Amino acid sequence: MTASATGSDKDRVLIFDTTLRDGEQCPGATMTLEEKLQVAALLDQMGVDIIEAGFPIASNGDFEAVTEIARVVKSAVVTGLARASAKDIDRAGEAVRGAQRPRIHTFLSTSPVHMKYKLQKEPDAVLEMVIASVTRARNLVDDVEWSAEDGTRTEHDFLCRCVEAAIKAGATTINIPDTVGYTTPEEYRALFQMVRQRVPDADKAVFSVHCHDDLGMAVANSLAGVQGGARQVECTINGIGERAGNASLEEIVMAIKTRGDAFPYETRIDTTQLTRASKLVSTVTSFPVQFNKAIVGRNAFAHESGIHQDGMLKHTQTYEIMTPDSVGVSKTSLVMGKHSGRNAFRSKLEEMGYRMSENAFEDAFNRFKDLADRKKHVYDEDIEALVDERIAHAHDRVRLVSLTVIAGTRGPQRATMKLDIDGSVHTEEADGNGPVDAVFNAIKALVPHEAVLELYQVHAVTEGTDAQAEVSVRLASDGRTVMSRGADPDTLVASAKAYLGALNKLKARGEGGIHAQAAAE
Ligand code: KIV
Ligand code: ZN
């Protein structure tokens with residue numbers, strides 16, 4: 001898209017978000033339909049141009065998610081991924097059919113190593129498949145993207161032949177992914193320049209970058225690809241994705257916004273929603289955001305050393321190249337206490353970017369009141385933890401009803417726990433080597449399972465000794481992992497919530513041999 005389309009003198013770069021497809025593909029990041037809809041709504045609201053909602057042929061769940069997202073998204077193009085087979089393409093076409101602006105994204109490997117070992121096909125056969133797949137997709141929708149998987153390790157002549165054939169067959173976007181995170185900025189920029197120069201009719205398609213972070217260069221490579229002529233960037237919130245992840249959306253967008261001198265482009269993203277998007281994706285996937293992560297890490301705008309603090313007090317530009325406000329970080333602000341009313345709480349939620357139904361609001365308000373009764377100061381972060389936790393656990397079948405723990409120097413520590421399992425309440429007592437062990441043993445007694453605890457981590461949501469604890473738990477079962485988080489002013493309650501959250505995820509996926517003890521009785 002050029003300057004004239006937006007009224008600005010900068011070229012528009014389209015943001016293609018693949019959090020719900022490439023992002024969800026990474027181990028443990030599975031999201032429920034409800035969670036995917038929440039993420040898609042926020043992506044649409046913040047100005048993402050294209051939402052890759054899933055891989056419809058992969059499972060009925062993926063198909064349903066793409067179909068539903070296509071139905072509800074208002075502005076963005078909605079796309080589903082398809083391999084170069086008729087079945088895949090037809091399924092993707094069916095899933096995106098209800099979208100205001102549907103796209104099919106079809107891909108095929110083009111590198112020697114992929115063609116020889118993965119596809120076991122000769123280049124000429126691959127070329128035929130490119131033509132057939134794009135043609136089939138174009139018969140279903142007008143907007144077709146074709147990707148040359150492992151494009152950065154593809155021979156240039158062959159890549160150009162494939163791109164030319166795809167454009168001729170009707171592809172409107174050409175993506176050249178760095179599937180294995182192998183390229184360098186210089187090389188990737190030159191690759192786009194070369195292809196766009198050599199392929200006849202290259203100007204009939206938008207070129208796209210798609211980078212993985214195996215060598216930590218996904219963002220740099222993506223920006224270099226744009227300098228080489230690409231005008232679509234495929235990326236994910238928090239950079240989640242296969243292996244080391246994909247290029248991070250927030251980093252790409254803020255690099256373009258902050259360094260307009262080096263990157264004379266613009267995006268349509270409302271950057272004040274970046275922090276909210278990061279938190280939502282982190283909550284629903286339970287993937288923590290590293291503290292020093294650029295743009296959205298909790299330390300991204302923290303100034304600890306004396307010299308820096310002194311500089312900041314004199315002038316913020318001494319150590320700040322972007323303002324916290326510009327990415328939606330509100331200064332930790334004291335909100336309300338137990339006397340705050342519904343209207344104040346509703347405005348607070350709106351200010352924080354939450355849109356919710358009346359029922360969800362009532363539930364959030366009641367939980368806020370409970371928290372305010374137990375905690376002197378309630379901060380924005382507390383409200384976020386409280387609301388996001390509900391979003392993540394709305395469909396849990398096993399819920400914590402109550403927990404009492406006897407802890408201290410004289411063991412054994414003992415937990416008495418009540419769980420609601422599929423609507424009926426069951427109680428159990430268990431000892432443990434420490435209170436957390438006792439809590440987890442009580443859960444195991446009530447919900448027998450073979451899943452193994454791989455990670456247990458605690459951190460405080462805010463400062464102060466009455467801060468809420470946020471606990472992360474990772475469980476592994478049958479070679480697959482799930483993560484979950486729980487927050488509460490009581491660390492043991494937060495631990496129980498996190499463990500139960502992970503069990504619910506396994507239960508939702510029918511894995512892990514989870515059987516409610518009571519249900520079996
Ligand atoms: O990394 C990759 O090559 C992909 C394609 C399917 C676009 O994700
Ligand atoms: Zn990818």
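## Exercises on a predicted model

In this predicted model, helix 8 has buried residues that are covered by, among others, helix 6 (112-119), helix 7, strand 6 (144-149), strand 7 (173-178), helix 9 (185-198) and strand 8.

**Exercise 1.** Work out which residues of helix 8 are buried, and what span helix 8 reaches from its first C-alpha to its last.

*Solution.* Start with the span. Helix 8 covers residues 156-169, 14 residues in all, and reaches 20 Å, close to the 20 Å expected at 1.5 Å a residue. Next, go through the side facing the cover: Phe158, Leu159, Cys160, Cys162, Val163, Ala165, Ala166, Ile167 and Ala169 are buried. For the pattern, recall that an α-helix has 3.6 residues a turn, so residues three or four places apart point the same way. Finally, look just past the end: Gly170 follows helix 8 and has a positive phi, near 120°.

**Exercise 2.** Find the residues that coordinate the zinc ion (ligand 2), and say where in the chain they sit.

*Solution.* First, grab the donors: Asp22 through OD, and His210 and His212 each through NE2, at 2.0 to 2.1 Å. Then write the spacing, which is D-x187-H-x1-H. Asp22 in helix 2 (residues 19-23) and His210 in strand 8 (residues 206-211) are 188 residues apart, linking distant parts of the chain. His212 is in the loop between strand 8 and helix 10 (218-227).

**Exercise 3.** Decide for each donor: is Asp22 buried or exposed, and what about His210 and His212?

*Solution.* The cut-off for buried is under 20% relative accessible area. Asp22 comes in at 3%, so Asp22 is buried. His210 has 5%, so His210 is buried too. His212 has 4%, which means His212 is buried as well.

**Exercise 4.** Trace what Asp22 and His212 touch, leaving out residues up to four places away in sequence.

*Solution.* Take Asp22 and you get His210, His212, Gly241, Glu242 and Asn246. His212 is in contact with, among others, Asp22, Asp178, Thr179, Glu242, Arg243 and Asn246. Add the side-chain link: a polar contact of 3.2 Å joins His212 and His210. Now check the record: the unreviewed UniProt entry annotates Asp22, His210, His212 and Asn246 as "binding site". These residues are spread over 225 residues of sequence, yet they cluster in space, with a largest C-alpha distance of 10.3 Å.

**Exercise 5.** Place Asn139 in its helix, and settle whether Asn139 is buried or exposed.

*Solution.* Asn139 belongs to helix 7 (residues 123-140). Its relative accessible area is 65%, so Asn139 is exposed. For a distance check, Asn139 and Asn175 are 36 residues apart in sequence and 20 Å apart in space, C-alpha to C-alpha.

Note on methods. Residues numbered from 1 in each chain as written. Chains lettered and ligands numbered in written order. Predicted model: local features only at pLDDT ≥ 70, side-chain atom pairs only at ≥ 80, totals over all residues. Heavy atoms only, no water. Donors = N, O, S within 2.8 Å, 3.2 Å for Na, K, Ca; no water. Helix = DSSP H or I, 4+ residues; strand = E, 2+ residues; numbered from the N terminus. Buried < 20%, exposed > 50% of the residue type's maximum accessible area, 1.4 Å probe, protein only. Expected span 1.5 Å × (residues − 1). Contact = heavy atoms within 4.5 Å. UniProt positions renumbered as here; feature names shortened; annotations may be inferred. Polar contact = N/O pair within 3.5 Å; in protein donor to acceptor, adjacent residues only side chain to side chain.
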